[in-house]
Amino acid sequence: MLRSSARLLRKLRGVETAAARRLSGADASASALRGTSLLRPLPGLDLPPCLPDQLGRSPTRITTLPNGIRVASEDVPGPSACIGVFVNSGSIYETGESTGVSHLLEKLAFKDTAHRSHLQIVQELEAAGGNVGASASREQMVYSYDTLKAYLPQAVEVLVDCVRNPLFLQDEVERQLALAREEVQELQKNPEKFLNETLNLVGYTGALANPLIAPEDALAIINGNIIQKFYHENFTANRLVLAASGVDHQNLLDIAEPLLSDWHKGSPVEKPKSTYVGGDSRHKTDSDMTHVALAFEVPGGWLQERDATIMTVMQTLMGGGGSFSSGGPGKGMHSRLYLRVLNKYHSVQSFSAFSNVYDNSGLFGIYLTTPSDFVAKAIDVAINELIAIATPGEVTEVELKRAKNSTISSVLMNLESRVIVSEDIGRQFLTYGCRKPIDHFLQCMDEMTLDDVTAFARKMLASQPTMASWGNVDKVPPYEFVCKRLQ
């Protein structure tokens, strides 16, 4: 018993001694740190070299394979990379039988292929920590893979396999058709998305009037064979771009070329024609609020680069938003629609400028939400705001400079994202056949004058208006009245 007590005392003394040593060591370290200046590097610490004050962007490099596929990339410092396959295909290429197929292709992306099951694809993505996505638009389809650079070979192989070898198994097609039907039902309850789709259906004839979201009658006839037929006709090598950011171009080419070189080329396809006509659509539902979108044509679309740049700045200039700014106090309060509309008319729930732009045409306008008894006044205010932009002397030099600076800041900030850089490369190659340097667009903005904004707005307002409304539409003014106010 005494021996045990003695051993216990010795252990306790040992613990106390070790604790004392640790405390004295900590005191010594603290004392050393107190004498260290944070203005000088810590002794023994190796610092990485600093970046130069002027760091230029890496050039966009492009290689066209013999079958017509373009491989384009821009190297970006950092551990991550984003790769995308961009296809010159969308709802404008659909016919009566294939209406809605682009919508289904988006939903069927990264499912079973000739070499992998859907489960295997998911397992490979999880192992690499990758993130994939697909989106369909009226003129282009995008498949992207965001990952670490170390997994680039696997990422390219999986991405190409999913785009090139989809099986469109009937049970998967039926599953996605059921989900698409639910999405169509939900669309009826989402006024902003509903009106955005309706504007094209009403404002155009021809290809741009094709629905992007598959209508219910189209979903009743779509099957795997129809999807496969549309896919083989439109996903051809001469209409594909493989774009990447954050990768070495030669490394990307070495990986991708064996996977892409034997993709069938296909015949040249002329882009289907569309004509802007304007029009009116009203969807009555049980709602206390009325939502209205009033739009006009942006003639020339993205291919009229100068006008498209003016339109982008004009959208920032007009701005707007909701009556409550979720971004915090003062967000967007400098824009004309905030200052002149939302701050003045407290019945207005939302009031903002928007745009939908395509290669050869586009729409620009104002989206508003108000109680039904105020909707006539709100539409009149929207018309007045559009006319003001087209009137010399109404916009000040200070407002234009602020809008230009805000647009430039937004563009440059977006281009710091590897995902957006990859998308910018791919979409520009499909639209322009090349990637224009950012300095080209910044120069267009810098040279823009108040007269340019006025002239563009007048040209835009000379087109027939397109108006779409949702909710309690009984008090929405007649279309003819809106046309007369704009003359």
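This passage describes the overall make-up of a predicted model, its open sheet and the helices that pack on that sheet or on each other.

In this predicted model, local features need pLDDT of at least 70 and side-chain atom pairs count only at pLDDT 80 or more, while totals for chains, interfaces and linings use all residues. Residues are numbered from 1 along each chain as its sequence is written, and side-chain values use heavy atoms, with hydrogens and water left out.

The protein holds 17 helices and 14 strands, taken as DSSP runs numbered from the N terminus (helices are H or I with at least four residues, strands are E with at least two). Of its 487 residues, 46% are buried, where buried means under 20% relative accessible area, exposed over 50% and partly exposed in between, with a 1.4 Å probe and protein chains only. Among contacts with a separation of 6 or more, 79% join residues 24 or more positions apart; a contact here means heavy atoms within 4.5 Å.

A good place to begin the tour is the open sheet of six strands, which has mixed pairing and the order β1-β2-β7-β3-β5-β4. Two strands pair if DSSP finds at least two bridges between them. The edges are formed by β1 (61–64) and β4 (131–136), and each has a single partner strand, so one side of each lacks a neighbour in the sheet. On average, neighbouring strands are turned by 15° against each other, direction ignored.

Strand β7 (240–245) pairs with β2 in the parallel sense over five bridges, and S73 stands opposite A244 of β7. With β3, β7 runs antiparallel, joined by six bridges; here F86 has V241 of β7 as its bridge partner. Six of the six residues of β7 are buried. Both faces of the strand are covered, with L240, L242 and A244 on one side and V241, A243 and S245 on the other. Further along, β4 and β5 (residues 141–148) pair in the antiparallel sense over six bridges, and A136 has M141 of β5 as its bridge partner.

Helices also meet this sheet. Helix α9 (residues 249–260) packs on it, touching β1, β2 (70–74) and β7, and its direction makes about 155° with that of β2. Axes are lines fitted to C-alpha atoms, for helices over the stretch in contact, and angles run from 0 to 180 degrees between N-to-C directions. Helix α14 (residues 418–432) lies across β1, β2, β3 (80–87), β4, β5 and β7, running at about 25° to β3. Within α14 sits Q428, which counts as buried because its relative accessibility is 7%. Leaving aside residues up to four places away in sequence, Q428 touches G433, C434, R435, K436 and F441.

A helix pair completes the picture. The axes of α12 (residues 375–389) and α16 (residues 450–461) come within 8 Å and cross at roughly 135°. The two helices are therefore oblique to each other, as angles under 35 degrees count as roughly parallel, over 145 as roughly antiparallel, 65 to 115 as roughly perpendicular and the rest as oblique. L386, I387 and I389 of α12 make the contact with V453, T454, A457, M460 and L461 of α16. By class, this contact has seven nonpolar, one polar and no charged residues; Ala, Val, Leu, Ile, Met, Phe, Trp, Tyr, Cys and Pro count as nonpolar, Asp, Glu, Lys and Arg as charged, and the others, Gly among them, as polar. The buried residues of α12 include L386 and I389.
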